[in-house]
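Trainee: Hi, do you have a few minutes to go through this model with me? I'd like to start with one residue and work outwards.

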Amino acid sequence: MNQSPETFDTNAIQALNDRQLRAALLNLASTFGERRKLAILSVNDWEGLRAQARSIKDETLANLDQYLEQFVLKAENNGAQIHWALNGEAAQRLILDLLKEKNVRRIVKSKSMTTEEIHLNEALERAGYAPVETDLGEWIIQLAHETPSHIVVPAIHKSKRQIAELFVEKVGIEPTDNVDELTKTARRVLRERFAEADVGISGVNFAVAETGTFLILENEGNARLTTSLPKIHIAVMGIEKVIPRLADLDVFLKLLPRSGTGQQLTAYQSLITGAKRQPDDEGPEEVHLVILDNGRSRMLAHPVTRQSLACIRCGACLNACPVYQQIGGHAYGSVYPGPIGAVITPQLSGIEKARQLPFASSLCGACREVCPVKIDIPELLLHLRAEVKQGAASRAASQTGKVSKHRIERLAFRFYAFAWSKKLTYEWGMKIARVFQRSIARKGRIGKVSGLFAGLAPALEAWTDWRDAPTIAERSFREVWREAEKTKGK
């Protein structure tokens, strides 16, 4: 199925009819939700930690150019080779040129949302390479020719039976539903790929300006093998990954695993500070770091959208979102699903192409409550909805602040405020509304509005496309009260 953000509505309907998917999502939400609740109890001041993380991110984003320069200078002094990429195509060309220059034949990759964002695997395959994903979940979906359905657990949509059948078909094992046998198979195959790889490609979780070090978090050990066994390591990171100080990692290492998977700490934390210094040292002979913009500078320039760049890709907002819990990640048609995907994707791929995604939310605020860096995702969604409604794709690059309201919308709200703030206009307004609703009410509900009323009030027609509302009572509370008082007086 060819899914994209443009077909979100049909994608979502198909997902709602997938019982196996919905059972997996229910299990995901309950399991990770409960683990997260327990994990944050181990921190004395969780809210204080969240506020500290947001403060660090705000400071970094306000001075991002300075911290990037500092990081690059330190990383180059450590022996890393830095490459800048304005967009995904430029990053693909840089990496392909590097592979050609180094006469690379075999490639292993560790989990990286940034390389998914630039569609690196597809570019490598078009150039004749066969990159091998080494994270177990990523390897499973690579074998299935699918895309990740979750930021942290990419194969969450697949059942044990589906994975077993996939291994029989693609790896050639005997049929089994034994999980140990399946993981041993993956380990055996992937160990061979690690041993023969010329290049390892990874993402980056955090880059420390103070030391020129970057950090990769994982639970399987595959990222450490990807970055240390091959002679060449290529890492790809967005410009927003930089943080000022090494001590800042203490904050994010407490927040990210607890928020994402409910762990107090991930199993592996690989701090990489350049290539190996001596021939007998362990590690790669060359470390290349591709620093990617791909629309992030545009997000940085806007006071509302800037906070999108504070995201640390923990996936907590997905687990808490009632929409994601029903439809999963593939329905979004984007590398980044869930609430954070609904705000990042329109900014990366263009708001016209992903115009449905900002509306894929009930605005309940659960995403904001669980976000470890206090991103106000509902505010971002409302901002993008306003952009969509104004048909202002070009305004995505606007350097101004709030999105201005349409003239008719401003007049409508002014009239609403006037009518509802004065007793006389309120009472007469309600009387008029009771008369009009008799033409559109059915069985005590106001449903889909059409005909003359749709022509007079197009917004009401659109609002009732997917909603209904109870009718206004035939008599107000005051009228009922006055009548009761009269009855008592008789």
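**A walk through the model**

Mentor: Happy to! Let's begin with Gln142, which sits in helix α8 (residues 136-143). Keep in mind that this is a predicted model.

Trainee: Okay, what does the side chain of Gln142 reach?

Mentor: It reaches the backbone oxygen of Pro131, at 2.8 Å.

Trainee: And which residues does Gln142 touch, leaving out those up to four places away in sequence?

Mentor: Gln142 touches Asn121, Glu125, Pro131, Val132 and Glu133.

Trainee: Let's zoom out. How many helices and strands does the protein chain have?

Mentor: There are 23 helices and 13 strands in the protein chain. Its C-alpha atoms fill a box of roughly 105 × 55 × 45 Å along the principal axes.

Trainee: What percentage of the residues is buried?

Mentor: Buried residues account for 48% of the 490 in the protein chain. As for contacts between residues at least 6 apart in sequence, 72% join residues at least 24 apart.

Trainee: Now the nonpolar core. Which members of the largest one touch the most other members?

Mentor: Phe206, Ile340 and Ile375 do, in a core of 60 residues. Helix α12 (residues 249-260) gives the largest share of this core, with 6 residues. There is also a second, separate core of 27 residues, and Leu64, Ala209, Ile272 and Leu300 are among its members.

Trainee: Why would such residues be buried together?

Mentor: That is a general tendency of nonpolar side chains in soluble globular proteins.

Trainee: Back to Ile375, then. What does Ile375 touch, not counting residues up to four places away in sequence?

Mentor: Ile375 touches Arg54, Gln307, Ser308, Ala310, Cys311, Ile340, Arg368 and Leu380. You'll recognise Ile340 there, named with Ile375 and Phe206 as touching the most other members of the largest core.

Trainee: New topic: rings. How many aromatic pairs does the structure hold?

Mentor: The structure holds 6 aromatic pairs. One of them is Phe8 with Tyr332, a tilted pair at 5.5 Å centre to centre with 50 degrees between the planes.

Trainee: Where in the chain are Phe8 and Tyr332?

Mentor: They are in distant parts, 324 residues apart: Phe8 belongs to helix α1 (residues 8-16), and Tyr332 to the loop between α15 and α16.

Trainee: Are they buried or exposed?

Mentor: Phe8 is buried, with a relative accessible area of 10%. Tyr332 is buried too, at 0%.

Trainee: What about the pair of Tyr416 and Trp420, and why is it called stacked?

Mentor: Their planes are at 15 degrees, so the pair counts as stacked, with the ring centres 5.2 Å apart. Both residues lie in helix α19 (residues 407-420), 4 residues apart, which is about one turn of the helix. Tyr416 is partly exposed at 47% relative accessible area, and Trp420 is partly exposed at 42%. Ring pairs also link Tyr416 and Trp420 with Tyr426 in a cluster.

Trainee: Nice. Which lysines lie over a ring face?

Mentor: Lys57 lies over the face of Phe252, 5.9 Å from the ring centre. Lys431 lies over the face of Trp428, at 4.9 Å from the ring centre.

Trainee: Let me go back to that loop between α15 and α16. Where is Gly333?

Mentor: Gly333 is found in that loop, between α15 (324-327) and α16 (338-349). With 22% relative accessibility, Gly333 counts as partly exposed.

Trainee: Which residues is Gly333 in contact with, leaving aside neighbours within four places in sequence?

Mentor: Gly333 is in contact with Gln3, Ser4, Pro5 and Asn11. The C-alpha atoms of Gly333 and Thr7 are separated by 7.6 Å, though these residues are 326 apart along the chain.

Trainee: Last one: cysteines. How many disulfides does a search of the whole structure find?

Mentor: The search finds 0 disulfides.

Trainee: Why does Cys367 not form a bond with Cys364?

Mentor: The sulfur of Cys364 is the closest cysteine sulfur to that of Cys367, but at 6.3 Å it is too far for a bond. Cys367 is buried, with a relative accessible area of 8%.

Trainee: And how far is the nearest cysteine sulfur from Cys371?

Mentor: The nearest one, in Cys314, is 6.4 Å away, and Cys371 is in no disulfide. Cys371 is buried as well, at 7% relative accessible area.

Definitions and conventions: Residues are numbered from 1 along each chain as its sequence is written. This is a predicted model: local features need pLDDT of at least 70, side-chain atom pairs count only at pLDDT 80 or more; totals for chains, interfaces and linings use all residues. Side-chain values use heavy atoms; hydrogens and water are left out. A nonpolar core is a set of buried Ala, Val, Leu, Ile, Met, Phe, Trp, Tyr and Cys residues joined through side-chain atoms within 4.5 Å. Buried means under 20% relative accessible area, exposed over 50%, partly exposed in between (1.4 Å probe, protein chains only). Helices (H or I, at least four residues) and strands (E, at least two) are DSSP runs, numbered from the N terminus. Contact means heavy atoms within 4.5 Å. Rings of Phe, Tyr and Trp (its six-membered ring) pair if their centres lie within 6.5 Å; planes under 30 degrees apart count as stacked, over 60 as edge-to-face and the rest as tilted. A charge sits over a ring if NZ of Lys or CZ of Arg is within 6 Å of the ring centre and within 35 degrees of the ring normal. A polar contact is a pair of N or O atoms within 3.5 Å; within protein, one must be able to donate a hydrogen and the other to accept it, and residues adjacent in sequence count only if both atoms are side-chain atoms. A disulfide is a pair of cysteine sulfur atoms within 2.5 Å.
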